[in-house]
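The report that follows looks at one helix and its surroundings, then at charged pairs and a surface patch. Please read it alongside the sequence and the coordinates.

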Amino acid sequence: MLYDRDGGQRPQMIVTETASYSDIVFGLLTLAGFTYAPQLADLPDQKLWRIDTKADYGPFATAARGRIDLDRVRRNWEDILRVTASIHTGAVRAHDVIRMLSRDGHPTPLGEAIAHYGRIHKTLHVLRMVDDTSYRRDIKAQANLQEGRHALARRIFHGQRGELRQRYYEGMEDQLGALGLVLNAIVLFKPVTSTPRSPNSAPVATRSATNTPPGSHRSCVTTSTCSAATPSSPLKLAGGLRPLRDPSGPDEVEID
């Protein structure tokens, strides 16, 4: 998804829940130049990793009980860079790479090397979460934003109990694409408020300066019937369809 975006700015931080985390994912995202900040369950019990087993880490000596094998990373460094470049150029999909890096639930030698590289940045991530309050606040804010968007998507995607029923890949893409289109339209919608210009003037509809969070659109109606053909529709007249416009006549003026 990071490389299939239609546009927009490059994400500065990628926040995921604990279930989406693995040391291999940490390594691949870091190698690709992304800041990966997963939410980790049981933070006080997280295992830290060290490079020098003889170094004195003081109070962290007990927590830093894992050892990072840099020799393994060096032996596989060219293959690691080749895999990262293949993902970046779109030659292979990231989820296919992650599946190939594991065999029967155990990482391959290349996968283990990427995991060791990822553990370096995982250790720095854990230490920063413990020490930096603003870092934790940013992760929590991003996680709440994502949860709000997911909640709105579940509310919109009420048909078929929110399940993808198509048996072919293109059909699933079409269904998810339609969901994303409607979801983005609602997220980008700004609530209209009524603000009077003066005590004697009529209220004027204005838009708020900032978008509301995705999960706050509780007034959005997701089940209704809409008809495009009404008696007053300009597309149909009493005698049938509207006649074609005269090419030599004046252009029609569109009214916003």
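In helix α3 of this predicted model, the residues Ile 80, Val 83, Thr 84 and Ile 87 are buried. These four residues cover an arc of only 95 degrees around the axis, which puts them on the same side of α3. An α-helix has 3.6 residues a turn, so residues three or four places apart point the same way. On the face of α3 turned away from its buried side, the exposed residues are Glu 78 and Thr 89.

The buried residues of α3 pack against several other helices, namely α1 (23-31), α2 (70-75), α4 (94-100) and α5. As for the length of α3, which comprises the 13 residues 77-89, a rise of 1.5 Å a residue leads one to expect a span of 18 Å, and the end C-alpha atoms are indeed 18 Å apart, so the two values agree. Just after this helix, Gly 90 takes a positive phi of about 85 degrees.

Another residue of helix α3 is Ser 86, which has a relative accessible area of 21% and is therefore partly exposed, since the buried class requires a value under 20%. When its neighbours within four places in sequence are left aside, Ser 86 is in contact with Ala 91 and Val 92. The C-alpha atoms of Ser 86 and Val 97, which are 11 residues apart along the chain, are separated by 9.4 Å.

Turning to charged side chains, the count of salt bridges comes to 8, and three of them are set out below with the distance between the closest N and O atoms and the relative accessible area of each partner.

| Basic residue | Acidic residue | N to O distance |
|---|---|---|
| Arg 72, 27% accessible | Asp 69, 16% accessible | 3.9 Å |
| Arg 119, 11% accessible | Glu 112, 16% accessible | 3.4 Å |
| Arg 128, 43% accessible | Asp 132, 23% accessible | 3.6 Å |

In the pair formed by Arg 128 and Asp 132, Arg 128 is partly exposed, and Asp 132 likewise counts as partly exposed. Salt bridges that share partners also join Asp 23, Asp 69, Arg 72, Glu 112 and Arg 119 into one network. Within that network, Arg 119 counts as buried because its relative accessibility is 11%, and Glu 112, at 16%, counts as buried too. Asp 69 is also classed as buried, at 16%, whereas its partner Arg 72 is partly exposed, with a relative accessible area of 27%.

Which residues make up the nonpolar surface patch of about 350 Å²? The patch is made by Tyr 57, Phe 60, Leu 124 and Leu 127. Of these residues, Leu 127 has its place in helix α5, which covers residues 109-131, and α5 is also one of the helices against which the buried residues of α3 pack. Leu 127 has a relative accessible area of 32% and is therefore partly exposed; this value meets the requirement for patch residues, which must have over 30% relative accessible area.

Note on methods
Residues numbered from 1 in each chain as written. Predicted model: local features only at pLDDT ≥ 70, side-chain atom pairs only at ≥ 80, totals over all residues. Heavy atoms only, no water. Patch = residues over 30% accessible without salt bridge, like charges linked within 9 Å, V, L, I, M, F, W, Y side chains within 5 Å. Areas by Shrake-Rupley, 256 points an atom, 1.4 Å probe, with all protein chains shown as cover. Salt bridge = Lys/Arg side-chain N within 4 Å of Asp/Glu carboxyl O. Helix = DSSP H or I, 4+ residues; strand = E, 2+ residues; numbered from the N terminus. Buried < 20%, exposed > 50% of the residue type's maximum accessible area, 1.4 Å probe, protein only. Expected span 1.5 Å × (residues − 1). Arc of directions from axis to C-beta. Contact = heavy atoms within 4.5 Å.
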